[in-house]
Amino acid sequence: MTECCKFCGGEDLRPDLIEIGALPGGRLYLHRDQTHPGRVILVADRHVKKVTDLSLPEYKALMESVYHTAQAITDQFSPDKINYLIFGDTSTHLHVHIVPKYQNGKDWGKVFLTDEPEPLFLEEDAYQSICADLCRRLGLN
């Protein structure tokens, strides 16, 4: 039996993500768990498992989008640091977690949890406001 990709298989497979838009090399999503305000995931355009499965131009496009996304998040949320995480052992589709961290916030000085035991969910209009602001900052309007 073939495993269905949680990023390629349709919106109903990732109800924890809200699509923000397409960037060079990937598609950007806002994570519904906003324990770390501004948390997003950038998913590679092509279904590959590892960074080295990308061509060099694909890799450069993806990483440039990580940079621009981090800049937009910095401008919008003013985090003290941003953590970047690429897991490879359990995911079948390359993606980058981009997680703002705050000195007086959750998990400062530690690795954030990808599945927070007590996630912070927002009202739908708050998600839409965050997405609209990130779209504007990234020139996706």
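1. **R136 and D133.** In this predicted model, R136 and D133 form a salt bridge, with their closest N and O atoms 2.6 Å apart. Both residues sit in helix α2, 3 residues apart, or about one turn of the helix. Their exposure is worth noting. R136 is partly exposed, at 49% relative accessibility. D133 counts as buried, at 17%.

2. **Helix α2.** Does the length of α2 agree with its residue count, or disagree? At 1.5 Å a residue, its 15 residues should span 21 Å. The end C-alpha atoms are 21 Å apart, so the two agree. The buried residues are Y127, I130, C131, D133, L134, C135 and L138. D133 of the salt bridge is therefore on the buried list, at 17% relative accessibility. The buried residues of α2 pack against β1, β2, β3 and α1. Just after the helix, G139 takes a positive phi of about 70°.

3. **Helix α1.** This helix covers residues 56-77. Its 22 residues should span 32 Å at 1.5 Å a residue. The end C-alpha atoms lie 31 Å apart, which agrees. Buried here are L62, S65, V66, T69, A70, A72, I73 and Q76. Seen down the axis, these buried residues fall within an arc of 165°, so they line one face of the helix. The face turned away from the buried side carries the exposed residues L56, P57, K60 and Y67.

4. **What α1 packs against.** Which elements do the buried residues of α1 pack against? They pack against five strands, β1 (17-23), β2 (26-31), β3 (40-44), β4 (81-85) and β5 (95-101), and against helix α2 (124-138). The α1 contact appears from the α2 side too, where the buried residues of α2 pack against α1. After α1 comes S78, with a positive phi near 50°.

5. **Cysteines.** How many disulfides does the structure hold? The count is 0. A disulfide is a covalent bond between the sulfur atoms of two cysteines. For C8, the closest cysteine sulfur is that of C5, at 3.7 Å, too far for a bond. The cut-off used is 2.5 Å between the sulfur atoms. For C131, the closest cysteine sulfur belongs to C135, at 6.6 Å, which is also too far for a bond. C8 is partly exposed, with a relative accessible area of 48%. C131 is buried, at 5% relative accessibility.

6. **H97.** This histidine is found in strand β5. Is H97 buried or exposed? H97 is buried, at 5% relative accessibility. Its side chain makes a polar contact of 3.3 Å with the side chain of H95. Leaving aside residues up to four places away in sequence, H97 touches R39, V40, I41, N83, Y84, L85, F87, F112 and T114.

7. **Other salt bridges.** A search of the whole structure finds 10 salt bridges. Side chains of opposite charge can pair when their charged atoms come close. One of the bridges joins the side chains of D16 and R14, at 2.7 Å from N to O. D16 is partly exposed, at 25% relative accessibility. R14 is buried, at 13%. Another bridge joins R27 and E19, with the closest N and O atoms 2.2 Å apart. R27 is partly exposed, at 30% relative accessibility. E19 is partly exposed too, with a relative accessible area of 42%.

8. **The network at E116.** Which residues are linked with E116 in a network of salt bridges? They are K106 and D107. E116 lies in the loop between β5 and α2. Although in a loop, E116 counts as buried, at 10% relative accessibility. A polar contact of 3.3 Å joins the side chains of E116 and K106. Setting aside residues up to four places away in sequence, E116 touches D33, T35, K106 and D107. K106 and D107 thus appear both as contacts of E116 and as members of its salt-bridge network. For a sense of distance, the C-alpha atoms of E116 and Y84 are separated by 17 Å. Those two residues are 32 residues apart along the chain.

Definitions and conventions. Residues are numbered from 1 along each chain as its sequence is written. This is a predicted model: local features need pLDDT of at least 70, side-chain atom pairs count only at pLDDT 80 or more; totals for chains, interfaces and linings use all residues. Side-chain values use heavy atoms; hydrogens and water are left out. Helices (H or I, at least four residues) and strands (E, at least two) are DSSP runs, numbered from the N terminus. The expected span of a helix is 1.5 Å times one less than its number of residues. Buried means under 20% relative accessible area, exposed over 50%, partly exposed in between (1.4 Å probe, protein chains only). The arc is that of the directions from the helix axis to the C-beta atoms. Contact means heavy atoms within 4.5 Å. A polar contact is a pair of N or O atoms within 3.5 Å; within protein, one must be able to donate a hydrogen and the other to accept it, and residues adjacent in sequence count only if both atoms are side-chain atoms. A salt bridge is a side-chain nitrogen of Lys or Arg within 4 Å of a carboxyl oxygen of Asp or Glu.
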